[in-house]
Every structure is written in C-alpha cells, then in structure tokens.
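This report is written for a student who is meeting a protein model for the first time. Please keep the sequence and the structure in view while reading.

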Amino acid sequence: MAMKLDSYLQLFFLGCFYFSWFLSSPAEAAVRKYQFDIRVKNVSRLCHAKPIVTVNGRFPGPTVYAREGDRVLVDVTNYAQYNISIHWHGLKQFRNGWADGPAYITQCPIKTGHSYTYDFNVTGQRGTLWWHAHILWLRATVYGAIVIMPKEGRMFPFPQPHGETKIILGEWWNSDVETLVNQANKLGLPPPTSDSHTINGKPGPLFPCSSKHTFSMEVEAGKTYLLRIINAALNDELFFAIAGHNMTVVEIDAVYTKPFTTRVILIAPGQTTNVLIKADQPPSRYFMAARPFMNAPVPVDNKTVTAILHYQGIPNTVLPSMPKLPAPNNTNVALRYNNRLRSLNSPQFPAKVPLKVDRHLFYTVGLGANPCSSCQNGTQLPASLNNITFVMPKVGLLQAHYFHIKGVFKTDFPDRPPVPFNYTGVPLTANLGTSLGKGSVRWLSIPPSSWYCRTLTSSQ
C-alpha cells in the first residue's frame, strides 16, 4: 500500500509540474525553486538503526525537476553537525562554476546553522542527472535525482513511455560512514566495503530485516516504461538486469544514444542510464537486481541487491524470479556493453566533437602508496592523479583565483605523469609513490562573478 501511495504521490507531483509547464509562456524560461534542509534522521536497515544525514528527512533525497532552459534555485540550510555542500553531477555550469558544489574547490562549505542558495541554468541538456553531497563521505546518504524534461513542444527521440520510474542504486553501511573513513585513513587503509547495496534506499528481501525495505514497481501488461537509473554507489561499477525482460538503452548522462537492446547494463559510479522496458512477459513478479563488476583483486561488496517489478493483479505471495547477472569479473560482458554505446547524432541532436586538438593531455588515475610510520602496514593509500595527491585547501580555489589570493594553489599540474611507469601492468608495484599537490589545478577560463565566501572553517 505504501508503494502504491508513493507512486500516486509521484504521479500527482509530476502532473502538477507538467501542468505548470502548460501555463508558462513558451518564450520565457521558468524559475524552479527548491528548499533543501540538511537534517540528521534515524534510519533502520539490515536490523541496524543509526542517525544519517538526509535532505528534508528523506533517503534518497527529493528529485529536482526542471526543463531545458529553466533557471533553478536551491536554497540549502544546514541543520546537521557536519559542514555540507551539494554538487549537481553532470550539469554543465556555463559561466557559473561557483554553483557547482565541490567544497573548498568552487565554494566554502555551508556551516552548521547557515544557508546558501545554488543558482544555475539548465542549458543544452535534457534527461537524467543527479545531485549529491560533495564533502567527506556524506554522499553515502545525501543524494537524489535530477530530471530534465525537453523544451516545451519537443518530444523524446524514442517512443513515448506509458510511465517512468527512478532507480537509484546506492550503498548502506551499518556503522557510521564518517567514523569508518576516519579510522581507515589513520591506519592507511581503504574504507571497509558497504554492508549492502540499495535500490532507492532499500536493500531488498535477500537481506535480513529487509522484507519491508524492498522497492516495488507496479506495471501494466503490454505497456512500456522509462527507467531513469542512477548509480549513486561511492565506488562500484554495477551490473543491473531485470528477470525475463530486455532493456533498450536510450540515454547516458543526459545525452541521447542510438537505441540498442540488452539483457544487462553496466553503470559506473556517478553515471546515469535511461532504458525503456516493455511489460511483455507473463504477468508475475520479477526481480530487478544489481551487483558489482570488479576484475581486479580489490575487495567489493559483491552481494546482490534486489527490487521487484510487479505486474498489476499479481498477489504479493508469488515469489519473484531472479535475473542471471554476469560474474563479478566478467570483463567480456563489460567491454561488449560499453562498445555498443553511441551518440544519437541526429540532425536535432548532433554530436559536436572538436576536430582540432590544441593540446594533448595524458592523465593516470588510481591509488598510490606512500610511506606512513603510524599506519598499519607502514604505507598509506592516497588517491593519485599523474603521481600527485591532492591536498585539501582551507580557502576555496575559485575564491582564491578570483581574488588573486596567493599560496592557495599552483598552476603547474603536469600534462603527463612526471615518473613514467607501466600504467596497466599487473601487479602495479613500482612507482606508486606520490607527491603532494597543494591545490594543484589547471584553470579553464572563468568569468568574474559576484560569488564570495565570507566565512571559512578550520577543518572539513
């Protein structure tokens, strides 16, 4: 009953949103306003209850709806004990990078008891993106969807679906995530893997105490539905499939693709994928399932998270069937899937790829290993970009750039690794040491702005 109520409320708000579009002038973009209250709330999963940071008390947080060309204002008020910032993942911030959200990079974080209004335009994009906290590991629970509809009068470049549903893939830790990360950093170790993955904040019935924490999507036989799938997991690439059903991929990261049909998708952390599914199987209940893809000797949470595709009229006592997911290390499936991705590149949505290359950049991204006398194994595992580890500044880099504040960042980030090594060799045991890059950046052209962070905190 709760699932049906959630669906009815979603349809109600979508209907109100679409009706407001109808009333607005086609020649004038609308202004969409949202209020995000950052609050701590007790939430129970896997037989464990703990306080988590949320937006408006919801996990996942509210969906930001807009249309291509709209202006969006999101007023964020922080009632939690942590500093906070919100990043609008995948949104193109043309001439307003100060609204992008990474703490100490484009803005100072929002302190407890303070507010900040994000102000940005939705330009040249339509489809599914998402937002999340961009400080510490708070995005483990602080995240939600962004749904951008096409301009008024324009249709999807694929068959109009009967309905749509958001599928947000995430993670759950039974213990406090910030405590786990701090402990791991002191020991020089990676943080422990999550206790489960989640679909719309719920782990599904294969986990203990989770029969009521299962997302269910009701469908009508013969109808076609659009799934807006978001991978909000912190580090894991995920395979996703629906028992007995094909999926037609039509969009990746708010970019339309040449449609293709597949039994399984692979979705990277931070990525979004829109698929069409047709309820064309015998009416029953079918599991939607996801688990990680990892072909390296790295520990991951390899348990399977599930939700239910439920045909109308089928009783809840019917046991759902399970899809066949690829093995966690099945590189062939991953490569075949990624090789099928193509831009739509139609007259209406052309692929505008620059043909002239002005500068060649070669970046290696991974983990380094630095000496650490206080760490468990005598080494610390820092992030590495061209053998350089980023050092978090105490002044926002964009602020320092605009106000010409010296000593905050350098502009000498190398075009390629200073110390060449076998970048794809196994095992990667040589040249893993990194140097410290204090706010090392390579600036693109940033216009003057009225953005200014008046108060700074001494720590994250």
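The following paragraphs treat two sheets, a cavity and one threonine.

The model is predicted: local features need pLDDT of at least 70, side-chain atom pairs count only at pLDDT 80 or more, and totals for chains, interfaces and linings use all residues. Residues are numbered from 1 along each chain as its sequence is written, and side-chain values use heavy atoms, leaving out hydrogens and water.

**The sheets**

Strands of a sheet pair through backbone hydrogen bonds, in either a parallel or an antiparallel manner. Here strands (E, at least two residues) are DSSP runs numbered from the N terminus, and two of them pair if DSSP finds at least two bridges between them. Angles run from 0 to 180 degrees between N-to-C directions, with axes fitted as lines to C-alpha atoms.

One open sheet has four strands in the order β2-β1-β4-β6, with mixed pairing. Its edges are β2 (48-55) and β6 (115-121); each has a single partner strand, so one side of each lacks a neighbour in the sheet. On average, neighbouring strands of this sheet are turned by 20° against each other, direction ignored.

Another open sheet of four strands, also with mixed pairing, follows the order β3-β8-β7-β5. At its edges stand β3 (64-67) and β5 (86-89), each with a single partner strand, so one side of each is without a neighbour in the sheet. The average turn between neighbouring strands of this sheet is 25°, direction ignored.

One pairing from each sheet is listed below.

| Strand pair | Direction | Bridges |
|---|---|---|
| β4 (residues 71-78) and β6 | antiparallel | seven bridges |
| β3 and β8 (residues 143-149) | parallel | four bridges |

Leucine 73 has aspartate 119 in β6 as its bridge partner, while arginine 67 stands opposite methionine 149 in β8.

**The cavity**

A cavity is a set of points on a 1 Å grid over the protein atoms alone where a 1.4 Å probe fits but cannot get out; lining residues have an atom within 4 Å of a point. The structure holds one cavity of 30 Å³ or more. The lining of the largest cavity consists of Glu68, Arg126, Pro150, Lys151, Arg154, Met155, Tyr256 and Phe349.

**Threonine 306**

Threonine 306 belongs to strand β19 (residues 305-311). Is threonine 306 buried or exposed? Threonine 306 is buried, because its relative accessible area is 0%, and buried means under 20%, exposed over 50% and partly exposed in between (1.4 Å probe, protein chains only). Not counting residues up to four places away in sequence, threonine 306 touches several residues, among them Ile199, Phe287 and Met322; contact means heavy atoms within 4.5 Å.

Technical notes:
1 Å grid on protein atoms, 1.4 Å probe; cavity = no way out; pocket = protein on both sides within 12 Å on 5 of 7 lines; lining within 4 Å. Points joined across faces, edges and corners; volume = space filled by probe spheres on them.
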